[in-house]
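Good morning, colleagues, and thank you for your time. Please turn to the sequence and the structure on the screen, and I will take you through them.

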Amino acid sequence: MPAMNSVVLLLSVVCLGASSQQITDSQRLFSIAVNRVTHLHLLAQRLFSDFESSLQTEEQRQLNKIFLQDFCNSDYIISPIDKHETQRSSVLKLLSISYGLVESWEFPSRSLSGGSSLRNQISPRLSELKTGILLLIRANQDEAENYPDTDTLQHAPYGNYYQSLGGNESLRQTYELLACFKKDMHKVETYLTVAKCRLSPEANCTL
């Protein structure tokens, strides 16, 4: 009987160790992803700020007014409408939305206005971030068997919109492109931060 108890105890320790290792690996991947999207969000803010500073005061006012009435084409990607819905969303849902948003900018990011040194950093960082999010999605898919396969996330109806914007250098289109990029990177940063927080049961994930 003591021998049997020892075996049970050993198996429990092994299982606990494997589970802890899996959580540690996910935390590491999440930390890398959050760091990358935080940097992208900062780049987006800088590009937008640089463009705004080049405008006249009246131009800024008119463009901001127009943008508030307009929408980003990535709004077609269904996402939480407020912070409360974000906090109620599953980790897999937040990851999948983030993946779609990041993928939607891989090509049009090459047409963003701004200094070439900043612009050249964005596309490769988006590709790296997308790869990292995909790894996290696959690691979390076991938790939701009925969730759509990741292959379906690669087919979105918004690519041509941003490509056409990037080809036209009008003030309004440039403003919208930069403002939408900043808005979407902020969304991804929020979703990944909340998803990462879920790995720590003791943490307060309030936005």
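**The disulfide and the helices around it**

I begin with the bond that joins Cys 72 to Cys 180, a disulfide with a sulfur-to-sulfur distance of 2.1 Å. Please keep in mind throughout that this is a predicted model. The structure holds 1 disulfide, and the pair links distant parts of the chain, with the two positions 108 residues apart in sequence numbering. Cys 72 sits in the loop between helix H2 (57-69) and helix H3 (83-88), whereas Cys 180 belongs to helix H7 (residues 171-197). Is this disulfide left-handed or right-handed? The torsion about the S-S bond of Cys 72 and Cys 180 is about -95°, so the disulfide is left-handed. Both Cys 72 and Cys 180 are buried.

Let me now step back to the chain as a whole. The chain has 7 helices and 0 strands, and its pattern along the sequence reads α-α-α-α-α-α-α. Of its 207 residues, 38% are buried. The accessible surface comes to about 11800 Å², and carbon and sulfur atoms account for 54% of that area. If we take the contacts between residues at least 6 apart in sequence, 79% of them join residues at least 24 apart.

I turn next to the interior. In soluble globular proteins, nonpolar side chains tend to be buried together. In this model, the largest nonpolar core has 44 residues, and Leu 129 and Leu 192 have the most contacts inside it. Helix H1 (2-53), helix H4 (91-104), helix H5 (116-140) and H7 each supply at least two residues of this core. Which helix gives the most to the core? The answer is H7, with 12 residues.

H7 therefore merits a check of its geometry: at 1.5 Å a residue, its 27 residues should span 39 Å, and its end C-alpha atoms are indeed 39 Å apart. H7 is also mostly covered, with 19 of its 27 residues buried. As for Leu 192, its contacts beyond four places in sequence are Phe 30, Ala 33, Val 34, Val 37, Leu 95, Ser 98, Leu 129 and Ile 133.

H4 can be treated in the same manner. Its 14 residues reach 20 Å from the first C-alpha to the last, close to the 20 Å expected at 1.5 Å a residue. H4 is mostly covered, for 13 of its 14 residues are buried.

Two individual residues deserve a closer look. The first is Leu 136, which is located in helix H5. Leu 136 has a relative accessible area of 0%, and because buried means under 20%, Leu 136 counts as buried. Which residues does Leu 136 contact, leaving aside its neighbours within four places in sequence? They are Ser 26, Leu 29, Phe 30, Ala 33 and Leu 95. Leu 136 also lies 9.5 Å from Ser 96, C-alpha to C-alpha, although 40 residues separate the two in sequence.

The second is Thr 86, in helix H3. Thr 86 is buried too, with a relative accessible area of 4%. A polar atom of the Thr 86 side chain lies 3.0 Å from the backbone oxygen of Asp 82.

To close, I return to the starting point: the disulfide has one end, Cys 180, in H7, and H7 is the helix that gives the most to the largest nonpolar core.

Conventions. Residues are numbered from 1 along each chain as its sequence is written. This is a predicted model: local features need pLDDT of at least 70, side-chain atom pairs count only at pLDDT 80 or more; totals for chains, interfaces and linings use all residues. Side-chain values use heavy atoms; hydrogens and water are left out. A disulfide is a pair of cysteine sulfur atoms within 2.5 Å. Helices (H or I, at least four residues) and strands (E, at least two) are DSSP runs, numbered from the N terminus. Buried means under 20% relative accessible area, exposed over 50%, partly exposed in between (1.4 Å probe, protein chains only). Contact means heavy atoms within 4.5 Å. Accessible areas come from the Shrake-Rupley method with a 1.4 Å probe; for residues, only the protein chains shown count as cover. A nonpolar core is a set of buried Ala, Val, Leu, Ile, Met, Phe, Trp, Tyr and Cys residues joined through side-chain atoms within 4.5 Å. The expected span of a helix is 1.5 Å times one less than its number of residues. A polar contact is a pair of N or O atoms within 3.5 Å; within protein, one must be able to donate a hydrogen and the other to accept it, and residues adjacent in sequence count only if both atoms are side-chain atoms.
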